[in-house]
Amino acid sequence: MSLLLDINNIETCFRTEDRVLKILDGVTIQVKKGEIVGLVGESGSGKSVTMMSSIQLLSNSGKVTSGRVELDENGKNILEYKKNSDDMRKIRGGRIGMIFQEPMTSLNPVMPIGRQIQETIMEHIGLNKEEAKARAIEMMKLVNIPDAEERYDNYAQQFSGGMRQRIMIAMVLAAEPDVLIADEATTALDVTTQAQLLEMIKELSVKTGVAVVLVTHNLGIVARYADRIYVMYSGNVVETADTLTIFKDPQHPYTRGLLNAIPRLTDPEDRVLTPIDGLPPTPLARPTYCPFYERCNYCVPDCAEKPKPQLAEIGQGHFVACHLGRAEKDEKAKEIALKEGRSRPEKHISDEICLNVENVKKSFDIYKGLMQRKVGSFNAIEDISFNVRRGETLGIVGESGCGKTTLARCILRMYKPDGGKIELFGKDIASLGRSEMKPFRSQMSMVFQDPFSSLNPRMTAGDIVGQPLRIQKMTSSRAEYEKRVDELFRTVGMDPNQKDRYPHEFSGGQRQRLGIARALALKPNLLILDEPISALDVSIQAQVINLLEELQSSMGLAYLFIAHDLAVVKHISDRILVMYLGRVMEIADSSELYENPLHPYTKALLSSVPLVDPEKEIGREYIPMKGEVPSVMNRPKGCPFSDRCDHATEKCRSTIPELKDAGNGHMVSCFLYYER
């Protein structure tokens, strides 16, 4: 394949009020025609800045200070074009298209989406208005937008997140680009929608020869879809090779660290995640020696005395920026394995039922018009039943809108259920009033998804962690209060001397630790964890998962772990509950569910999760799911999954199947299984 995009040794700086910071320090990335390249690394490693620099899309404070970016092999440096020149505009959005993480901020909310695609075509392809409209509808069909002609005049807010991202892809592809940059384009999407979009991009790459750059922190995505991978750290590429080599024979300690920190669907039950300790250096404090030195388990004193290592070829197309040779790293790896020798904390699951949920329902009213009149209602969750024992983790998975968070809020009594039982240690709290609930508030707590928005920015860390103690009057003196707050900080692995800092002064992982410390303040028996790690980097995720496991072992906590990352759920959960459109589809032990899924929805969900192993991905069956998740206001009459299931019968479409025991506590709600 011929070289298409050559980003050669670029340096990018950003100007602040009093200094200039170097963000990229000599980054080189090459992309060939028809190739899919993965760009991976932690937040702040320079992935997005690299791609933004290549198409001159930096803010006014940013500037590429050296290096070249060549498109094709004609030797022309496109960085010589002025940022807003016609020549640069033809390339940016024309020959090089970019899909951003959040489509809603990229689409114009006051212009129909068809018109937005039409404008792109007229600008870059030069078709007239009618031809451009026909081409826009054609592009909408290409990315599987149903009823494209009718939806041409719809606005962005009338589409789901997955559909909006499809529209963004249609808009980019409409200009017939040679290179497509997907910057965390599927991060905010469900695993099934993510798989649909990535499969579509891969298919388009094969059909049209468009080169694709996948910017992501999800190593499973690059394992399944990328041909080659660049690993970035602290503004540099530290390793690059074909995908199989990166996963089978990683040679940079940072690459090895990333792979050791992530849970996999294929993991044995006793696998311990190994986080990368510490944080990447800030651009202000980058050393002249190896930037990974302070976090590296393989380093030797020479690493801090030599200049920063440069990329060097150690095999066919395999480049690594590390002073240590293969033999030295292999020897060091043996020492690390002997020194760590860690095992997962021992589980103590008792027979005592901590939480018992029976046939819980919750509906919401719909209001419309200027006077906000009630015009109807819809059921967010229906007939949910399960239990959780003390010391057990129940994982809850399902696509966005399936009712996971509504269920959690009903259990916490943030919402009052419309029916059913919620028994906390045998006491039904479903219908209790506000004052009657007060004694039960301390027995359960919640850790939220975004650690920053869930912490008050005007309160110190100590005040945030201690707030539940003050509200519930759990301490009798100031000294006792301070002692308990210090104890909570140490429990989650933080220094009590940091109590006077504010949330913005902590890293994402530290902020989530503060959220966990606050949740533990009243010594609860049940913790509800609502997507607690989805906003964190891979290495920090591992730290938080390990912390949660240690706390559960030492304190006998019961967890409800809500997430969309099925690999993480499998790693931490004892049993898993699968939800779809407000109903339970399947419940089983963690290993049983992954090895023997019975419901068609569970099978499709699992097949959508990429394995962090390119060898196992080869020939693996992918079960595509038809269409989008329907609205809960317009769910099918029978089985909620019947309109997307290839195996659905007339009975499935007219009657709701009951949740039945398939043996060994494996529950499934599916007529196909009953009849089989």
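Is Tyr415 buried, partly exposed or exposed? I began with this residue, and I note at the outset that the model is predicted. Tyr415 has a relative accessible area of 24% and is therefore partly exposed, since buried would require under 20%.

**Aromatic pairs**

I then looked up the ring pairs of the chain, and the count came to nine aromatic pairs. Phe364 and Tyr415 make up one of them, an edge-to-face pair with 5.3 Å from centre to centre and 80 degrees between the planes. I placed Phe364 in strand E12 (residues 353-368) and Tyr415 in the loop between helix H14 (404-411) and strand E15 (419-424), so I record this as a pair that links distant parts of the chain, 51 residues apart. Phe364 has a relative accessibility of 23%, and I enter this residue too as partly exposed.

Next I turned to Tyr580 and Tyr601, whose rings form a tilted pair at 4.6 Å centre to centre, with 50 degrees between the planes. Because Tyr580 belongs to strand E20 (residues 575-580) and Tyr601 to helix H22 (residues 600-608), the pair ties together parts that are 21 residues apart in sequence. I checked the exposure of both partners and found Tyr580 and Tyr601 buried. I also noted a cluster in which ring pairs link Tyr233, Tyr254 and Phe292.

**The chain as a whole**

I listed the secondary structure and found 25 helices and 23 strands in the chain. The radius of gyration is 26 Å, close to the 26 Å that the globule rule gives for 676 residues, so I can call the chain as compact as a globular protein of that length. Along the principal axes I find that the C-alpha trace spans about 75 × 65 × 50 Å. Of the 676 residues, 54% count as buried, and the accessible surface comes to about 30,300 Å², with 47% of that area belonging to carbon and sulfur atoms. I also looked at contacts between residues at least 6 apart in sequence, and 66% of these join residues at least 24 apart.

**Nonpolar cores**

Which residues of the largest nonpolar core touch the most other members? In this core of 101 residues they are Leu219, Phe247 and Ile516. Helix H19 (residues 538-555) supplies the largest share of the core, with eight residues. I followed Phe247 further and, leaving aside residues up to four places away in sequence, found that Phe247 touches Leu219, Val222, Ala223, Ile229, Leu259, Val612 and Pro614. A second core, separate from this one, has 40 residues, among them Val172, Ala182, Leu189 and Met200. As background I keep in mind that nonpolar side chains in soluble globular proteins tend to be buried together.

**Helix H7 and positive phi values**

I took helix H7 (residues 161-174) as a single element to examine: its 14 residues reach 20 Å from the first C-alpha to the last, close to the 20 Å expected at 1.5 Å a residue. Since 13 of the 14 residues are buried, I describe H7 as largely enclosed by the rest of the structure. Just after H7, I found that Glu176 takes a positive phi of about 55 degrees.

That sent me to other backbone angles, given that most residues other than glycine have a negative phi. Gln56 has a positive phi near 50 degrees and sits in the loop between helix H1 (47-54) and strand E4 (62-71); with a relative accessible area of 14%, Gln56 is buried. Glu184 likewise has a positive phi, near 50 degrees, and I located Glu184 in the loop between strand E6 (179-183) and helix H8 (191-208). At 11% relative accessibility, Glu184 counts as buried.

**Two buried positions**

How is Gly235 placed, buried or exposed? Gly235 is buried, with a relative accessible area of 0%, in the loop between strand E8 (228-233) and strand E9 (236-242). Apart from residues up to four places away in sequence, I list as its contacts Ile23, Leu24, Asp25, Val27, Ser45 and Arg286. From Gly235 to Pro283 the C-alpha distance is 8.3 Å, although 48 residues separate the two in sequence.

Finally I looked up Arg583, which lies in strand E21 (residues 583-589) and is buried at 13% relative accessible area. With the same neighbours in sequence left out, Arg583 touches Glu382, Asp383, Ile384, Val578, Pro640 and Ile656.

Conventions
Residues numbered from 1 in each chain as written. Predicted model: local features only at pLDDT ≥ 70, side-chain atom pairs only at ≥ 80, totals over all residues. Heavy atoms only, no water. Core = buried A, V, L, I, M, F, W, Y, C linked by side-chain atoms within 4.5 Å. Buried < 20%, exposed > 50% of the residue type's maximum accessible area, 1.4 Å probe, protein only. Helix = DSSP H or I, 4+ residues; strand = E, 2+ residues; numbered from the N terminus. Contact = heavy atoms within 4.5 Å. Expected span 1.5 Å × (residues − 1). Rg over C-alpha atoms; globule rule 2.2 N^0.38 Å. Areas by Shrake-Rupley, 256 points an atom, 1.4 Å probe, with all protein chains shown as cover. Phe/Tyr/Trp six-rings, centres within 6.5 Å; stacked < 30°, edge-to-face > 60°.
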